[in-house]
Every structure is written in C-alpha cells, then in structure tokens.
Amino acid sequence: MNVFKISLANLKEKKLNSFLSALLLTLGIGMISLLLLLNKQLDEQFRRNIRGIDMVVGAKGSPLQLILSSIYQIDAPTGNVPLSEVDALRKNPFVKTVIPLSMGDSYQGFRIVGTTPKYTEHFQAKLAQGKLYNASMEVAIGSKVAAQSQLKIGDTFASSHGLDADGDTHKEKKYKVTGIFEPSGSVVDQLIITRLSSVWDVHEHAEEHGAHEESDEKQVTSALIQFRNPMGLLTIPRQINANTSMQAALPSIEINRLFTLLGVGIETLRTLALIIITIAGVSVFVSLYNSLKERKYEMALMLSMGATRSRLFLMLLLEGLMLAVIGFFAGIIASRVGLWLFSRAAEQDFHYSLRKFTILPQEIYLFFAALFIGFLASALPSLGIYRLNISRTLAEE
Amino acid sequence: MISSTNLRFAYSAKKTFSFPDIQCKDKETLLILGQSGKGKTTLLHLLALLLKPTSGDIMIAQKSVGNLSAEEATKVRAKNIGIIYQKPHFVSSLSVMDNILLSNYLADQPQNKQKARLLAEKLSFAEHLNKKTSQLSQGEQQRVSIARSLMNDPNVILADEPTSNLDDTNTQKVITLLKEQSASIGASLIVVTHDQRLKDEFSNQVFL
C-alpha cells in the first residue's frame, strides 16, 4: 500500500473517465509527434536529394513541377527540350556540370531514366552487384526496384510507355539488367538507370511502326546543372528564361516554396493538436474535480486516519501525472504507427520511404509539456484538499 | 484511558455545547446516550481530536491533548484513537484488505498483513478480503471498519452510532465484537449512540 497504488486504484475505479482523458492526450500528442516526424523526414529527404544541384533546366511550365519531376521523380515532366540547347550550357564558364535526363518510360511503376554516368556519380550510388550499363539497352537498377520487381542481373524486361505501371509495353526492345545499386537513401534507390541512347532507341523503334514524327533532333526531358561558383546563380537562370526555349528552376527556392505551402497545412494540424491537448487537460481537470466531489468523504476519512494534506495532494497529483505519462507513450506509439501507414502509402505512390522511428529531441520537450498539463489539470482541483473541513465532512454524511 | 474536563464547544455564538466530564479507563467501556441535536457527534469529534474545544481539556494516556495543533492532533489520533463511524466509509477503489492496511500506512506504521488477516478471521469476513468494500453487506462493512480501527492497537476506540443501520442480530454481534476486541488490546471503548437497544449492554453510561 502506498500513494502510487491508491492513485492507480482510483484511475482504475473510473475506467471510462481515465480512458477518455488518456485517449485525448494520446490523440494530441500522437498528432504533434507525427507532424514532427513527417516534417523532419520529408525535410531530410528533400534536402538530401537537392544537395549539389544548383539549377534544373527543362521545358517551360511550372518550375516546381520541373523540380519535382527531375530531382524527386514524383511529378510528370514538363515536356522535352532539344539536347543541343542543353549541351550549349556546357560552354558557359560558370557551369561546372550538366547532367541531361531523359524520362518517359517505366517498369512496374519505377521510372527508367536515361542519363550520363555523372548522374550516379553525383548521388554517390555504388553498385552492390554487377557492373554499370555499357551499351544501349543495358540498365542498372536501384535497390528498391530490385527488391520489389525481383529483377536480377542478366534478366531482361520490356518497359511500358508513360510513368504509370499500366502504359503500353514496348515489346520489341527489351532492357537487360547489368547492375544493382546499394541502398543509398537517395532517389537512385527507386530508379532504373540507363544511357540516354537507350531511351532514344526505344522510341525511334516505336516511331517506325506508329506515328509520323519527322524530327530527328535528339531531345531530353531536363538537365541538372551545377555551377562553378555562385555568380552563375545570378546570371544564368535569367539568360535561359529569356533567350532559350527552356526554363530554369532553382531547387532551393522551389523547395522552400513547397514547404511554405505545406507549412500552412502543418500549422493548421499543429493548432488542432494543441487544441486537442488542451481539451485533454480540461478532461483530466473535470474528471478529477467530479471524482473529488464524490470522494470528499474518503479524503476526510484518510485525513482523520493520519494522512497529511500534502500526501493526499500528491496522491491526486499522481493521478493526473500518470494519465499524462500513459497518454504520452500511447501517443508516441500511435505516431509511429501513423508514420508507418503514411510511409506505406508514400512508398506505393512515390517509392519514398519514411521509416525512422527513433525518438526526436523535440519529443522529450513534448514529454515535459504533457507532464506539465497533467500537473496543472490535477493540481487545480486538488488544491481543495487544503480547505477540506474534516469534522464537518465526516458529520455531514 | 481517556478523560475530559469542562469541555465546551461553540459552532457560533448561539450554538454552543457544554459536555459533562467523562472518564473511561483502559479495558473499560462507556456508553454515551443522547437524542439527535444534543451534540453527540460534536462530543465524539472533540474526543477524536477532529475538533478543537473552545475550552476544557482532554487527556489520552495521561497526556493533555486538548490544545494540540492540527498536525500534532493528527499524529496522536492516528496512533492512539480508532474511530468507527455510523456509516462504514471506505476508500471505494481499494480492496477490503487494502482499506484495513490503509490504517497502518496513513499512521506511518509498518503494514501488518498477518494481523489484518487474523482480525478478518476473528470478525469472520476473511473470505471477503480481496473484494471491494461495496460488495459487502452493511453488517460485514461495519465489521471491516472495526478491524480497521484496531490495526494500530489504539488506546481508545470511539464508535459513532455503530449499530444504527443494523438489525438486532447484527447489532448484538457488533457490540460483542467491539467489547471483546477493545478488551483484548486493553483499550477504552466509548460508544456514542441514540440506540436504546444498547442500554443494557453497558454498565457505565452518560446521558447528554
């Protein structure tokens, strides 16, 4: 028998009230924690993939779409641009590297990207097995592609037209897998990478049978650009937008814009979570206040049996604190389950995974905030214990 | 051993009580009889140190305890006085066993489970020790509260209308148990009641 045991017994005695209070806390804490996790991991994912890419050029359209499609491979490309215009950028003294990308086909939902070896160098993708593609129609695949499609080295497959899994297949030309990359946490994990020429080959072949496109000029979807120094940032984007058929988009600006857009939603959810936590606090307050009215006689009885008022105060305080602790841990678990579900959906749609379940430093602050709410919500009604008239309470009933 | 001299208490200027002196030696019993409104509960609360007398003094175990501070009074009460209330009240969330042990715990005494079990057997509610108190009958509850009052071997046992909610058979049982148990630990037993059935059970009586 001790104060802790009595508090626990009291919580169990009012199961539904305790459950409601803990549930509200769980919900509020879970939401905040999930937001923290998502925010951090999205941020990490986005920043990791734009590292070292100063500018993206592609067909005119939405700059955000260009960034999303060329760097993150999650949106549709804006269109095609002539390779000659992209290659012209190489002559610019401020430009360090130009990595052309050609997209349009996919295999089982994974994008096939035609590019130069600089692309894999840039993302520091290392081969786990096999070797890098050498000839046209040879590919190296990312770790997630390998895991999900069961492709092995030496396997061949036909790509499908478009970026969805259900496009027409190019049955005539088959790709051959020559290498599999190590998991790198970057966008390479979810890509099938090949030479630029492969993409052209597949489509030239298709054109012979089908449409009438007469243009023999080689085209690419976009190009990732690295500058030699920050001066490039000041002049080149403006030049491109004004003088060529292409547009230039700056990843850092577009991603900040994206986060500002997302930020409104995150802010709203966070406010909602704070409101729920406040309601949880009120719920603890109300249920303790009510139970205290019912238990007034019990309190007087314990005081008459030798309990000090501080000890009873501590006992009531513990009830609130225990609810806070239960709510916190349930909330942390709930947020991990939420993240897992979210990640599963994101993997299906975008092939990105967000699976880091470790405790964030902010969550430790969240723990103290939960304790504080539990403390406040139980301390306020429990102060009445210091005003309780033992004799009158015992005589009244 | 408990005695009082010239006890007076005032709730307000108009509502004052003065009580006859009482004395109850160790192992003795005393019945205080009175109708409602005569200050029975007030006297009991004064003797239990739950109220502070306006004037007069109380002696428990040869020590003057009438004018102690609230904290001191709580300590003296926890160690020396066992109280049995009219309606047996308990901490409803705890089991019968824990309610009895609460008496030890709140008085900062070691928790004696063996003693609690022994008392439960003597007062014949041992099979209910793990139940909640609300699952017991009135008579059983009153016996539990007797056991609770005995846990710290008090000098004085004060019972406030212990039989008013009980039928004749249970009344007889409870009074016999109270007398037996207080005698066995050498305590003074004071019963405050308006229950005329108890008149013949006690040789020492005071009328308010």
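# Report on chains A and B

The buried residues of H3(B) are covered by, among others, helix H10 (296–304) of chain A and, within chain B, H2, helix H4 (113–122) and helix H5 (138–150). The model is predicted: local features need pLDDT of at least 70 and side-chain atom pairs count only at pLDDT 80 or more, while totals for chains, interfaces and linings use all residues. Residues are numbered from 1 along each chain as its sequence is written, and chains are lettered from A and ligands numbered from 1 in the order in which they are written.

Helices (H or I, at least four residues) and strands (E, at least two) are DSSP runs, numbered from the N terminus. A residue is buried if 20 or more other C-beta atoms lie within 10 Å of its own, exposed if 12 or fewer, and partly exposed in between, with C-beta atoms placed from the backbone. Two residues are in contact if their C-beta atoms, placed from the backbone, lie within 7 Å.

## Chain B as a whole

Chain B has six helices and ten strands. Its C-alpha atoms fill a box of roughly 50 × 35 × 30 Å along the principal axes. The radius of gyration of chain B, taken over C-alpha atoms, is 16 Å, which agrees with the value near 17 Å for a compact globule of 208 residues. The globule rule is 2.2 Å times the number of residues to the power 0.38. Of the 208 residues in chain B, 45% are buried. Among contacts in chain B with a separation of 6 or more, 72% join residues 24 or more positions apart.

## The contact between the chains

The contact draws 24 residues from chain B and 19 residues from chain A. On the side of chain B that touches chain A, helix H1 (40–47), helix H2 (70–80) and helix H3 (96–106) each supply at least two residues. H3(B) gives the most, with six residues. By class, this side of chain B has twelve nonpolar, eight polar and four charged residues. Here Ala, Val, Leu, Ile, Met, Phe, Trp, Tyr, Cys and Pro count as nonpolar, Asp, Glu, Lys and Arg as charged, and the others, Gly among them, as polar.

## Two covered helices of chain B

Ten of the eleven residues of H3(B) are buried. They include B:Val96, B:Ile100, B:Leu101 and B:Tyr105.

H5(B) is also mostly covered, with ten of its 13 residues buried. Among them are B:Gln141, B:Arg143, B:Val144, B:Ile146 and B:Leu150. The buried residues of H5(B) pack against strand S7 (81–84), H3, H4, S8 and H6 of chain B. The expected span of a helix is 1.5 Å times one less than its number of residues. For the 13 residues of H5(B) this rule gives 18 Å, and the end C-alpha atoms are 19 Å apart, which agrees.

## Residues with positive phi

Most residues other than glycine have a negative phi. The residues below have a positive one.

| Residue | Phi | Place |
|---|---|---|
| B:Asp108 | about 60° | just after H3(B) |
| B:Asp153 | near 45° | loop between H5 and strand S8 (156–160) of chain B |
| B:Glu161 | about 45° | loop between S8 and helix H6 (168–184) of chain B |
| A:Gln108 | about 50° | turn of the hairpin of S3(A) and S4(A) |

B:Asp153 is partly exposed, with 14 other C-beta atoms within 10 Å. B:Glu161 is partly exposed too, with 19 C-beta neighbours inside 10 Å.

## Chain A

Chain A is divided into domain 1 (3–46 + 265–396) and domain 2 (55–249), with bounds from an automatic or database domain assignment. The centres of domain 1 and domain 2 of chain A, taken over C-alpha atoms, are 51 Å apart.

Strand S3 (residues 95–107) of chain A is largely enclosed by the rest of the structure, because ten of its 13 residues are buried. Two strands pair if DSSP finds at least two bridges between them. S3(A) pairs antiparallel with strand S12 (residues 222–227) of chain A over six bridges, and A:Ile99 stands opposite A:Leu224 in S12(A). Five bridges link S3(A) to strand S4 (residues 110–115) of chain A, again antiparallel, with A:Ser102 opposite A:Gly114 in S4(A). In the hairpin of S3(A) and S4(A), two residues lie between the strands. S3(A) also pairs antiparallel with strand S8 (residues 160–161) of chain A over two bridges. There, the bridge partner of A:Asp105 is A:His161.

Strand S1 (residues 55–59) of chain A runs antiparallel to S13(A), joined by four bridges, and A:Val57 stands opposite A:Ala248 in S13(A). From strand S13 (residues 246–249) of chain A, A:Met246 and A:Ala248 point one way and A:Gln247 and A:Ala249 the other way, and all are buried.
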